[in-house]
Amino acid sequence: MQPPRDLRGLWLLLLSLFLLLFEVARAGRPVVSCPAACLCASNILSCSKQQLPNVPHSLPSYTALLDLSHNNLSRLRAEWTPTRLTHLHSLLLSHNHLNFISSEAFSPVPNLRYLDLSSNQLRTLDEFLFSELQVLEVLLLYNNHIMAVDRCAFDDMAQLQKLYLSQNQISRFPLELVKEGAKLPKLTLLDLSSNKLKNLPLPDLQKLPAWIKNGLYLHNNPLHCDCELYQLFSHWQYRQLSSVMDFQEDLYCMSAKKLHNVFNLSFLNCSEYKERAWEAHLGDSLTIKCDTKQQGMTKVWVTPSNERVLDEVANSTVTVSKDGSLHFHRVQIEHGGVYTCYAMGEAFNETLSVELKVYNFTLHGHHDTLNTAYTTLVGCILSVVLVLIYLYLTPCRCWCRGVEKPSSHQADSLSSSMLSTTPNHDPMAGGDKDDGFDRRVAFLEPAGPAQGQNGKLKPGNSLPVPEAAGKGQRRMSDPESVSSVFSDTPIVV
């Protein structure tokens, strides 16, 4: 019976040794418990509404969600937590009195995905303030006193999707945040409502893809009223973008210190918005994007003849590229018409129609393919120039003759109905001619007393009037005698 007692003693020895090692380990590394001012539930710590002036020390390293909202925190320094919280994904700091945040404050929480800094007293966002948060997806900064946003404040935040900056005092639109291919490539929501924006980069905003404009909120800003602003928001309304459809009544602008709804600017006489078609010339290379309101959608294009456009196919003039865009390698006349894009996503489906107009000439072609309107204009200008040359630069036949032949000038000054079919010869000359003397037969039309051509008196004119056969020639030297010659007898001049 001795062996069982020996085994029992061995077990007691091993248990004592284990307890001793445990006490040594406990003495070397204190066990972290839930802070006294917080309520802990597994890896969630709620320290809200405790009037805390500072962040509690010795936070558990396993903390995944930390709620410090509705306290009296005023500064967030780099050493606000001595423990590196690598598991923390959500940090709530709203409704405090924060007016300073260190540029190194977020180094202990590199895996943060949700940060709420709303309803504080922040005035500026300095450069590289959030650069440590490279996986952050949602950042709430609304209801602060932010007036200036540094252009580098959001650098290295490639995963940021939603940024709330409403109810601040921002007066400059941060275009670098939404410009395609810029700092925040995944940003789908930017709330700039209820700020002090007066002018917007309208041409740049119009070029943004629909999935960015769909989440760009600009209501409750004192924007400057003009027709370009009306056209911008009318386009967004036509596309049924959420940023406009959800806040139509709050989209206003200011003119003459009065607020006007953006869609009711009748005093500016703005033209009604119309969706423009894509335009191309023969032989052009063209790419039309399926401008959907959500990224990552599956896209299918259908031609005007209701045929599906295939993906990259050899020797095909129209294909669909990998990003869902419709690509024309060489535009032809038969490519004109309305193309339809069917986009399918996880949240919703969308249908878009795009019209393509093809001009029947190349953009840089031969001169005989020029636009008809252009050639007509050139023809009109040439005609006017030729008429002016004829009127002012043609030599006058009246004054080029010698003084001994005044009758040529007199013949040119006769009023209407001048030429006759009578042969050009002298019936009285008997074969003798004066070289260069132009003989024509004309009928003088009746005129008023003492009037010449165009109803004006021409003193000093002497017209040769033929007498009866066998009589000599008499001349009229008196201007008043012109009014007495109303005979149908032809006058040889």
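**Exercise 1. Is K183 buried, partly exposed or exposed, and at what relative accessibility? Then describe the salt bridge of K183 with D155.**

Solution. In this predicted model, K183 has a relative accessibility of 28%. Buried would require under 20% and exposed over 50%, so K183 counts as partly exposed. The next step is the partner: the side chains of K183 and D155 meet in a salt bridge, with 3.3 Å from N to O. Because D155 lies in the loop between strand 10 and strand 11, and K183 in the loop between strand 11 and strand 12, the pair ties together parts that are 28 residues apart in sequence. D155, with a relative accessible area of 15%, is buried.

**Exercise 2. Place the salt bridge of R151 and E176 in the chain, and name the network that contains R151 and E176.**

Solution. Begin with the distance: the closest N and O atoms of R151 and E176 are 3.3 Å apart, which is within the 4 Å that a salt bridge requires. R151 sits in the loop between strand 10 (148-149) and strand 11 (162-164), whereas E176 sits in the loop between strand 11 and strand 12 (189-191), so that the pair links distant parts of the chain, 25 residues apart. As for accessibility, E176 is buried at 13% relative accessible area. Finally, salt bridges with shared partners join R151, R172 and E176 into one network.

**Exercise 3. Determine which parts of the chain the salt bridge of E350 and R239 ties together, and whether its two residues are buried or exposed.**

Solution. The side chains of E350 and R239 meet at 3.1 Å, N to O. E350 belongs to strand 23 (residues 349-359) and R239 to the loop between helix 4 (227-238) and helix 5 (242-245), so the salt bridge ties together parts 111 residues apart in sequence. E350 is buried at 9% relative accessibility, and R239 is buried with a relative accessible area of 14%.

**Exercise 4. Trace the strand pairing that passes through M254.**

Solution. Strand 14 (residues 223-224) pairs with strand 15 (residues 252-255) in the parallel sense over 2 bridges, and the bridge partner of H224 in strand 15 is M254. Turning to strand 16 (residues 258-261), strand 15 is joined to it antiparallel by 4 bridges, and there the bridge partner of M254 is L259. The hairpin of strand 15 and strand 16 has 2 residues between the strands, and A256 in this hairpin takes a positive phi near 55°.

Notes:
Residues numbered from 1 in each chain as written. Predicted model: local features only at pLDDT ≥ 70, side-chain atom pairs only at ≥ 80, totals over all residues. Heavy atoms only, no water. Pairing = 2+ DSSP bridges. Buried < 20%, exposed > 50% of the residue type's maximum accessible area, 1.4 Å probe, protein only.
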